[in-house]
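Look through the sequence and the model below before reading on. The paragraphs that follow take up a sheet, a ligand site, two loops and a helix.

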Amino acid sequence: MNKYKPETICVQGGYTPGNGEARQIPIVQSTTFKYDTGEDMGKLFDLEASGYFYTRLQNPTNDAVAAKICALEGGAAAMLTSSGQAANFFAMFNLAGCGDHIVASSSIYGGTFNLISVTMARMGIDVTFVSPDCTDEELNAAFRDNTKLLFGETIANPALTVLDIEQFARAAHAHGVPLIVDNTFATPVNCRPLAWGADIVTHSTTKYMDGHGVAVGGAIVDGGKFDWMAHKEKFPGLCTPDESYHGITYAEKFGMGGAFITKCTTQLMRDFGSIQSPQHAFYLNMGLESLHVRMARHCENGQRVAEFLQSHPKVAQVHYCGLPGDAYHARAEKYLPHGSCGVVSFELTGGREAASVFMNSLRLAAIETHVADARTCCLNPASTTHRQMTDEQLKAAGVPAGLVRMSCGLENADDLIADIAQALEKVK
Ligand SMILES: *Cc1c(COP(=O)(O)O)cnc(C)c1O
């Protein structure tokens, strides 16, 4: 499937039915699989043969959908997880453990920031955050001898900063570690981080990939280009025998293309069990079938709304990399030539009070803690997710009180703009 263009992979990737078989991906709604002999099954447990035995580890529906996402990203191997949180945790914890250190962009999803700075810190994993706009010098200075990975987001949620993937990949590789990129907002339709030097890509499939607000899910894709054995001393988990799996050395047995995902499945999915249900994988696949069509419209609506907002006197500032004046416009032209996403954030001149009146006056756009849905939705962080902070603290965190994050859906752009215009009129 890798030879086809993204649009074709969106529709047909991951599953090719045989003669007389179901056209749509079958939902294998079974926790377990039957074998004729104990010996047959033993081979699966030893990873001597490939096959299914228990859905926590692998399921045919999930594998087909993971294969589609893998092909879309141009990767070597992929797996689904129960959520984007699980995907990012697994991708990082597969490489870093107690006593290790990671470097991450400071401009990332709040849930990931918390995962790294609170929960992974409790597991003994140290972190250094760097600005997505840091110099090479600042970035290089963040690495230590025990650093195991570098992490960033293609387009950060909610700050909408754009990552210089080549710069980050260069720094990671100079220090013998992989770059992990969360590609949730861009999706592989608009950016393929692996092609720019990233080694591993993660997704909250809950967002654009699903696209209809139906199923929480995640995915991890390995590009298969990172040479673990060349950095043996840094990655003992991949390069020395796993006593919990019959002494297998993943990097030797499965090579660069298979080691990371196999270890992530056999160790982390086995022990943490954050599996996506086959039913959710089926919903996700339905979303993927139209991802390329929907992304273009999300971007078109985002651009139209951003341009309208920019011209409005009650709007102090608009953040959208598709605007020529945006701080990330040049980077977006390089990494996101076909568009970024449908999420626009903007600051009202009237602050928190104005944001509240504006949002309560919207008729089409709903107030939700969600983005990347077919239906337009919006959120004022100051009165919801960041409610405990004072106006000064909000400013310092880069989330001013009057900031509104709007996720433009698939409606008609003129209708969206008319709705925004009438809501802005209610603001004093
Ligand atoms: C939503 C989101 C996550 C977390 O994903 P869930 O599916 O909600 O667990 C991770 N990264 C980014 C960029 C997100 O937007």
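Two strands count as paired if DSSP finds at least two bridges between them. The model shown here is a predicted one. In it, 5 strands make up an open sheet with mixed pairing, and their order is β8-β9-β12-β11-β10. Which strands form the edges of this sheet? They are β8 (315-319) and β10 (366-367), each of which pairs on one side only. In general, the strands of a sheet pair through backbone hydrogen bonds, and the pairing is either parallel or antiparallel. The edge strand β10 runs parallel to β11 (residues 377-379), and 2 bridges join the two. To find this pair in the model, look for A366, which stands opposite C377 in β11.

Now turn to the ligand. It is surrounded by 15 residues, and the closest of them are N157, D182, S204, T206 and K207. What kinds of residue make up this shell? It holds 9 polar, 3 charged and 3 nonpolar residues. Helix α4 (residues 84-93) supplies the largest share of the shell, 3 residues.

Three of the closest residues can be followed down to single atoms. In the side chain of N157, an N or O atom is 2.9 Å from an oxygen atom of the ligand. For the side chain of S204, the corresponding distance to a ligand oxygen atom is 2.8 Å. T206 has a polar side-chain atom 2.6 Å from an oxygen atom of the ligand. The ligand taken alone would expose 380 Å², of which the protein buries 92%.

N157 also takes part in a backbone feature. The peptide bond that leads from N157 to P158 is cis, and its omega is near 10°. P158 belongs to the loop between β4 (147-153) and α7 (165-174).

A second loop, between α9 (236-239) and α10, contains H246. This residue is not a glycine, yet H246 has a positive phi of about 60°.

After that loop comes helix α10 itself, residues 250-272. How far apart are the end C-alpha atoms of this helix? They span only 19 Å, whereas a straight helix of 23 residues would span 33 Å at 1.5 Å a residue. Follow α10 along its length and you will come to a bend of about 115° at M256. The residue that follows α10 is G273, and its phi is positive, near 70°.

Technical notes. Residues numbered from 1 in each chain as written. Predicted model: local features only at pLDDT ≥ 70, side-chain atom pairs only at ≥ 80, totals over all residues. Heavy atoms only, no water. Helix = DSSP H or I, 4+ residues; strand = E, 2+ residues; numbered from the N terminus. Expected span 1.5 Å × (residues − 1). Bend = angle between axes of the 7 residues up to and from the residue. Near = heavy atom within 4 Å. Polar contact = N/O pair within 3.5 Å; in protein donor to acceptor, adjacent residues only side chain to side chain. Areas by Shrake-Rupley, 256 points an atom, 1.4 Å probe, with all protein chains shown as cover. Nonpolar A, V, L, I, M, F, W, Y, C, P; charged D, E, K, R; others polar.
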